[in-house]
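Okay, thanks everyone. Let me put the model up, and then I'll start with one strand and work outwards to the whole chain.

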Amino acid sequence: MRSFETCNPIVITVYFLSVIGILMFSLNPVLLLLAFLGAFSYTLIRSKSVSLKSHLFYLGLFVLLALINPLFSHNGKTVLFVINDSPITLEAVIYGVVSGGILVTVLYLFRSFSEIMTRDKLLYVFGSLSPKLALILSMGLRYVPLFRERAKTIAESQKALGLYKEDNILDKIKSDLRVFSVLITWALENGITTADSMAARGYGKRRRTYFTLFRFRKSDALLLFATLTCSALTVIGMAFGALDFIFYPTLEWGSLTPLGMAAYTAYGVLAVLPIVLETEERLQWKYLQSKI
Amino acid sequence: MEILAVKDLSFTYPMCERPCVNHVRFTVDSGEFVVLCGATGSGKSTLLRRFKREIAPSGSEIGEITFFGKPIAEIAPEKIGFVAQRPDEQIVTDKVYSELAFGLENLGLSQSVIARRVAEMASYFGIEDWFERDVSTLSGGQKQLLSLASVMVMNPEMILLDEPTSQLDPIAASDFLATLKKLNRDFSLTVMIVEHRLEEVIPMCDKLLVIQDGVLTHNGSPREVIADLKAEDSLLESMPTAARVYHALSADGACPLTVREGRRFVESRYQNRIQSIVEAAYTHSQRQALAFRDVFFRYERALPDVLKGLSFTVYENEIFCILGGNGSGKTTALSCAAGVRKIYSGQIRVFDKKLKDYTGGELYQNCLTLLPQDIQSVFLCNTVREELEDAKADISMLPFDLSHLLDKHPYDLSGGEGQLVALAKVLATKPRLLLMDEPTKGLDGEKKRILIGVLQKLKTNGVTVLIVTHDVEFAAMCADRCALFFRGNIVSVGTPREFFSENSFYTTAASRMIKGYYANAVTVEDIAELCRANGRKGNGDA
């Protein structure tokens, strides 16, 4: 099996959407715990770049969110103590902890998602939706660095001509406006050449297809199947109320039914899928190495 | 087999009275390499675009163009490929591989077919190493090669190129042309190319077409056509060195095209008793215009030095050319001198005053100005007239005439015209030191000569000129002193004759052609002068 991040971008996107979607609509501490363990350990395993500082930032954010809720929300029956005539309730504290935890977990997940999904992978996902959209995005992405470079060239040229002044802010704004207006003219001129180049290669004559370097392999299908099955089980569990968790007025949760058990297991599997794949791949390399 | 037939073709732009292409007729055989040349505005690009219907400008067309016997309007776009001049603007997408696939996607081909063709092309062109790179990180030469590859991937029968190398440095240009020749030779691809840099492309071609004022004046093998050109033809100035020596000596017989043929031509016909041209010792003024002392520069702290202890002096009232390869730091040195970039160690003095001590706009008024490589970045307005008014330029004071260009849009100017208008604009600040970055990019031989004339006039008016260029021929003709830039430093300085006759590889075609036979000839004129002075060999020697 390949490591998680080398899987097909569509599968990766579906995976993250499922994990995040279920987590955000559940408000269930068990699901949160599963998701957090999955997301946090995956971040630890995958990216060495995540520094202690950013972990501390997430921790700080979590504490802040957990504290804010009980300060403003006074619902709940179990009063822990009173500050300035406002009761601080156990239920509100738990709610704060859970919602703060969800937010931080989602941030961890997004972080992994944005690191894994490089620009061309995102483009591929959009391209699979519509080849036209993919082309537009790709052209846009081409223009951004082109324009930036161009603006720099123009500004430097004008400066050496003594026409671009930075002595005071008014001059600078004036000079920047000039550069901007030249940039627009240039972009329009440039557009004609680009349009010619597109027409010369038969653009608009036939229905376009979309070429990509990504393949949809058997392992991708397997992962997609696993993701969808697990998500479906969890969602069914949620729909039948097996995962219900009530915060106010008092904390209440139903007894663990077989359906609930299945749903929790399914979400747990979903949460650890990336770590399992990652570890398996690493072990495989170790094994191969020892053979070589 | 005949691939393209043009029968009595005339084309007139809307709102124009005179036809731009006038009763042109010729045919191209399959697998031929055809060069189309002519002066700027002669209609060569217009003619070329008539063969690519998707991008042909509208206007009234009379005559007939057939492609494999069928009218050209019925030909599918993928049969004829087109590569334009500016590498940046004809690339459509952001990644190398997606650009390669672009044309095939337009044809609606399936993923697996595209994958195979793209892979084939990438291997053939040697672009596997940068296959997944962003287009914006490529060099100009790579971009142009990518443009060619992304046309070739569609398997065209014929490929049209409109001055494809004009924006490239000489090495990238040679690579590009070599690739083109390889395609022509290996796949019998029919090539039609509009070019002004003819030194290298003419020896490769089978057929040379010359257009003058919309009329096809010559059509034949390059040897015949060049021998047939008149001595006063301005087109001759863009021709290969060997051919120009042949013309300068009004020789007869087969016209030499390459350096090797040129050498044989001179050796077999002319004696070499007199080896060198006597020249007066060069003396420069004692006053310094620009001095670099141990200058160090890098773009970012973490990056390596670009200028490594650079020291040189340009004296007042001389034309100083800095030559050197790509990425050697020439352009960076120039922008440091112009105060656009700040050096971190060493000293730059402009007219014996530290660069740092110039405050406000002082440096750019009556002192120094930089004409950048990319001329379009100089222009801000909609017409040349506004452009010149904006810069407060006085046209009557210029050493050249611009009056016929005043109502044109700056972007519509040809390379040579653009260069002169930009020059007019920078001269408005009355600089005493003019810095120029690659002024001959995109200019043909005639335009180069005009530019040299302008620079000589400026020099007479007391202006010092510092030029950074790849163009060794240009430097040999116009410089008072030349310097070779290598890895952030200047390694040798001398007058063009010393400089180029001492170099063996980094030198002019004329010098390469005659090295060892004559001692210090570096231009076509030098060779011609020595040949005349030595006289013909006797019949017995020939």
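So, strand β8 of chain B, residues 190–194: this one is mostly covered, with five of its five residues buried. Bear in mind that we're looking at a predicted model. Which residues sit on the two faces of β8(B)? On one side you've got B:Thr190, B:Met192 and B:Val194, and on the other B:Val191 and B:Ile193, and they're all buried. In other words, both faces of β8(B) are covered.

Now the neighbours. β8(B) pairs with strand β3 of chain B, residues 33–37, in the parallel sense, over four bridges. If you want a spot to look at, B:Phe33 has B:Val191 in β8(B) as its bridge partner. Then there's strand β7, residues 158–162, which also runs parallel to β8(B), joined by five bridges. There, B:Met158 stands opposite B:Thr190.

Let's zoom out. Chain B as a whole has 17 helices and 20 strands. Buried residues account for 59% of its 542 residues. What about the overall size? The radius of gyration is 25 Å, which agrees with the value near 24 Å for a compact globule, because that's what you'd get with 542 residues. Along the principal axes, the C-alpha trace spans about 70 × 65 × 50 Å.

On contacts: taking those between residues at least 6 apart in sequence, 68% join residues at least 24 apart.

Last, the outside. The accessible surface of chain B is about 22,000 Å², and carbon and sulfur atoms hold 48% of that. For charges, count 61 positive and 71 negative side chains, with the centres of the two sets 4 Å apart.

Conventions. Residues are numbered from 1 along each chain as its sequence is written. Chains are lettered from A and ligands numbered from 1 in the order in which they are written. This is a predicted model: local features need pLDDT of at least 70, side-chain atom pairs count only at pLDDT 80 or more; totals for chains, interfaces and linings use all residues. Side-chain values use heavy atoms; hydrogens and water are left out. The radius of gyration is taken over C-alpha atoms; the globule rule is 2.2 Å times the number of residues to the power 0.38. Buried means under 20% relative accessible area, exposed over 50%, partly exposed in between (1.4 Å probe, protein chains only). Contact means heavy atoms within 4.5 Å. Accessible areas come from the Shrake-Rupley method with a 1.4 Å probe; for residues, only the protein chains shown count as cover. Lys and Arg count as positive and Asp and Glu as negative; His and the chain ends are not counted. The place of a charge is taken as NZ of Lys, CZ of Arg, CG of Asp or CD of Glu. Two strands pair if DSSP finds at least two bridges between them.
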